[in-house]
Amino acid sequence: MSKEIERKFLVSSLPDLSKAKKAVVRQGYLTAPDDSTELRLRQKNDAYFLTLKGVGGLVRLEREAEITADQFETFWPETEGRRVEKERYTGHLPDGLLFELDVFSGDLVPLRLVEVEFTSEEQAKAYVPPDWFGADVTADTRYKNKTMAIYGVPD
């Protein structure tokens, strides 16, 4: 079983992103708002993915498969009203961990979130974020992409 162990934070201030990789992302959700499992379509630059995510906060099931552009476009209309668009910057933190910083567009401007993935729950719980990270929103379901795709920026 594939597990995702990650923490998510608001962004207090943008770091130097000159060495980060940038991707343009659009994603939409095929599952209904009250479904505990998420089934997501994602386009990341010229790559396309179908992702299943289970319920959870710090740790949750994740399975992903790359799909074709035609397969993506076949199902994309079904995500109407449940979409997110963003630019994702991926880079390394001074401690060697990888960050993914999302700068949202459209209805989710001016939201910015950063995620860090870990190899164990212990590592995730012991993590001390850098100064440019803001509040930890890992357990706050209002900041899940699916929730924001449906309801917008949290109050």
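This is a short tour of charged pairs, nonpolar cores and aromatic rings in a predicted model.

**Stop 1: Glu 4 and its two partners**

Start by selecting Glu 4 and Lys 53. They form a salt bridge, and their closest N and O atoms are 3.2 Å apart. Glu 4 belongs to strand S1 (residues 3–11) and Lys 53 to strand S4 (residues 47–53), so this pair ties together parts of the chain that are 49 residues apart in sequence.

Are these two charged residues buried or exposed? Glu 4 is buried, because its relative accessible area is 5%, under the 20% cut-off. Lys 53 counts as buried too, at 8% relative accessibility.

Keep Glu 4 on screen and add Arg 60. Here is another salt bridge, with 3.6 Å between the closest N and O atoms. Arg 60 sits in strand S5 (residues 59–67) and Glu 4 in S1, so the pair joins parts 56 residues apart in sequence. Arg 60 is also buried, with a relative accessible area of 10%.

**Stop 2: a network of charges**

Now select Lys 8 and Glu 115. Their closest N and O atoms are 3.6 Å apart, and the two form a salt bridge. This pair links distant parts of the chain: Glu 115 is in strand S8 (residues 112–117) and Lys 8 is in S1, 107 residues apart. Both ends are buried: Glu 115 has 8% relative accessibility, and Lys 8 has 9%.

Which residues share a network with this pair? Add Lys 86, Arg 88, Glu 100 and Asp 102 to your selection, and you will have the whole set linked by salt bridges. Across the structure, the count comes to 16 salt bridges.

**Stop 3: the nonpolar cores**

Time to leave the charges. In soluble globular proteins, nonpolar side chains tend to be buried together. To look at this model's largest nonpolar core, which has 18 residues, select Leu 93, Phe 99, Val 114, Val 116, Tyr 127, Trp 132 and Phe 133, the members with the most contacts inside it. Colour S1, strand S7 (98–104) and S8 as well, since these elements each give two or more residues to the core. The largest share, three residues, comes from S1.

Zoom in on Tyr 127. Beyond its neighbours within four places in sequence, Tyr 127 is in contact with Arg 7, Phe 9, Leu 93, Asp 95, Leu 97, Val 116, Phe 118 and Phe 133. Apart from the largest core lies another, of ten residues, including Tyr 29, Leu 113, Tyr 143 and Ala 149.

**Stop 4: the aromatic rings**

How many aromatic pairs does the structure hold? There are eight. For one of them, select Tyr 48 and Phe 72: the rings are tilted, 5.0 Å centre to centre, with 50° between the planes. Tyr 48 is in strand S4 and Phe 72 in helix H1 (residues 69–75), so this pair ties together parts 24 residues apart in sequence. Both residues are buried.

Return to Tyr 127 and add Phe 133. They make a tilted pair as well, 6.5 Å centre to centre and 50° between the planes. Tyr 127 counts as buried at 9% relative accessibility, and Phe 133 is buried at 6%. Then add Phe 9, Phe 99, Phe 118 and Trp 132 to see the cluster that ring pairs build with these two.

**Last stop: a charge over a ring**

Finish with Arg 26 and Trp 76. The charged end of Arg 26 sits over the ring of Trp 76, 4.7 Å from the ring's centre.

Definitions and conventions:
Residues are numbered from 1 along each chain as its sequence is written. This is a predicted model: local features need pLDDT of at least 70, side-chain atom pairs count only at pLDDT 80 or more; totals for chains, interfaces and linings use all residues. Side-chain values use heavy atoms; hydrogens and water are left out. A salt bridge is a side-chain nitrogen of Lys or Arg within 4 Å of a carboxyl oxygen of Asp or Glu. Helices (H or I, at least four residues) and strands (E, at least two) are DSSP runs, numbered from the N terminus. Buried means under 20% relative accessible area, exposed over 50%, partly exposed in between (1.4 Å probe, protein chains only). A nonpolar core is a set of buried Ala, Val, Leu, Ile, Met, Phe, Trp, Tyr and Cys residues joined through side-chain atoms within 4.5 Å. Contact means heavy atoms within 4.5 Å. Rings of Phe, Tyr and Trp (its six-membered ring) pair if their centres lie within 6.5 Å; planes under 30 degrees apart count as stacked, over 60 as edge-to-face and the rest as tilted. A charge sits over a ring if NZ of Lys or CZ of Arg is within 6 Å of the ring centre and within 35 degrees of the ring normal.
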